[in-house]
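Work through the following exercises with the sequence and the coordinates open. Try each task before reading its solution.

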Amino acid sequence: SKIGKRVFISPENGGFRELDFLDVGDDCCILSPNLTSHYADHGKMQFCPVVLEKGCTINPGATIMPLTKYGENCIIGPFAVTTKGQHCEADTVFMGNPCKPST
């Protein structure tokens, strides 16, 4: 795991419990504790990375799933839900469930 410089991670609900699979770039702001780096696949527990590149913002209530990657300055809106394996492009705002680029 790697946590960059000038990163804010909300202590809400005790913070994250799966830091070993979290890679956070510089200047990120994570306001939701709903970050998951594990899932069950055919009855077996799988652990997978979550990558936030420089300047990402994860808003309150957002749910971050395993195997996801967030490009530089990507914003995940409040209560948005990513899907396993999703790549969120740089400089884009994502909203909804499942989250999609906001227009």
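The exercises below cover confidence, the sheet, two hairpins, side-chain contacts and backbone geometry in a predicted model.

**Exercise 1. Confidence**

Task: State the mean pLDDT of the protein, then find the strands where confidence is lowest and highest.

Solution:
- Step 1. The protein has a mean pLDDT of 89, and 95% of its residues reach 70 or more.
- Step 2. Confidence is lowest in strand 5 (residues 38-41), with a mean of 80.
- Step 3. Confidence is highest in strand 12, at 97.
- Step 4. As a reading rule, where pLDDT is low, the predicted coordinates should not be read in detail.

**Exercise 2. The sheet**

Task: Give the order of the strands in the open sheet and identify the strands at the edges.

Solution:
- Step 1. The open sheet is formed by 6 strands in the order 2-4-8-10-12-13, with mixed pairing.
- Step 2. The edges are strand 2 (8-9) and strand 13 (99-101); each has a single partner strand, so one side of each is left without a neighbour in the sheet.
- Step 3. Strand 10 (residues 75-76) pairs with strand 12 (residues 93-96) in the parallel sense, over 2 bridges.
- Step 4. Strand 12 pairs with strand 13 in the antiparallel sense, over 3 bridges.
- Step 5. Follow F94 in strand 12: I76 stands opposite F94, and the bridge partner of F94 in strand 13 is P101.

**Exercise 3. Two hairpins**

Task: Describe the hairpin of strand 5 and strand 6 and the hairpin of strand 12 and strand 13.

Solution:
- Step 1. Strand 5 and strand 6 are antiparallel and share 4 bridges. D41 has K44 in strand 6 as its bridge partner.
- Step 2. In this hairpin, 2 residues lie between the strands, and H42 is in the turn.
- Step 3. H42 has a phi near 55°, which is positive although the residue is not glycine. With a relative accessibility of 77%, H42 is exposed.
- Step 4. Strand 12 and strand 13 also form a hairpin, with 2 residues between them.
- Step 5. P98 lies in the loop between strand 12 and strand 13, and the peptide bond from N97 to P98 is cis, with omega near 0°.

**Exercise 4. The aromatic pair and the patch**

Task: Find the aromatic pair, classify its geometry, and locate its two rings in the chain.

Solution:
- Step 1. Searching the whole structure gives 1 aromatic pair. The ring centres of F21 and F47 are 5.4 Å apart and the planes stand at 20°, so the pair is stacked; the cut-off for stacking is under 30 degrees.
- Step 2. F21 is in the loop between strand 2 and strand 3 (22-24), while F47 is in strand 6 (residues 44-47). The two are 26 residues apart, and the pair links distant parts of the chain.
- Step 3. F21 is partly exposed at 32% relative accessible area, and F47 is partly exposed at 45%.
- Step 4. Together with M45, F21 and F47 form a nonpolar surface patch with about 300 Å² of accessible area. M45 belongs to strand 6.

**Exercise 5. Salt bridges**

Task: How many salt bridges are there, and where are the partners of each in the chain?

Solution:
- Step 1. The count is 2 salt bridges.
- Step 2. The side chains of R6 and D27 form a salt bridge at 2.6 Å, N to O. R6 is in the loop between strand 1 (2-3) and strand 2, D27 is in the loop between strand 3 and strand 4 (29-30), and they are 21 residues apart.
- Step 3. R6 is exposed at 59% relative accessibility, whereas D27 is partly exposed at 31%.
- Step 4. E53 and K69 form a salt bridge, with their closest N and O atoms 3.3 Å apart. E53 lies in the loop between strand 7 (50-52) and strand 8 (57-58) and K69 in strand 9 (residues 68-70), so this pair ties together parts 16 residues apart in sequence.
- Step 5. E53 is partly exposed at 26% relative accessible area, and K69 is partly exposed at 35%.

**Exercise 6. A positive phi**

Task: Locate D91 and decide whether D91 is buried or exposed.

Solution:
- Step 1. D91 is in the loop between strand 11 (87-88) and strand 12.
- Step 2. Phi of D91 is near 55°, a positive value in a residue other than glycine.
- Step 3. The relative accessible area of D91 is 60%, so D91 is exposed; the cut-off is over 50%.

Note on methods. Residues are numbered from 1 along each chain as its sequence is written. Side-chain values use heavy atoms; hydrogens and water are left out. Two strands pair if DSSP finds at least two bridges between them. Rings of Phe, Tyr and Trp (its six-membered ring) pair if their centres lie within 6.5 Å; planes under 30 degrees apart count as stacked, over 60 as edge-to-face and the rest as tilted. Buried means under 20% relative accessible area, exposed over 50%, partly exposed in between (1.4 Å probe, protein chains only). A salt bridge is a side-chain nitrogen of Lys or Arg within 4 Å of a carboxyl oxygen of Asp or Glu. Patches are made of residues with over 30% relative accessible area and no salt bridge: like charges are joined within 9 Å, nonpolar side chains (Val, Leu, Ile, Met, Phe, Trp, Tyr) within 5 Å. Accessible areas come from the Shrake-Rupley method with a 1.4 Å probe; for residues, only the protein chains shown count as cover. pLDDT is the predictor's confidence in each residue, from 0 to 100.
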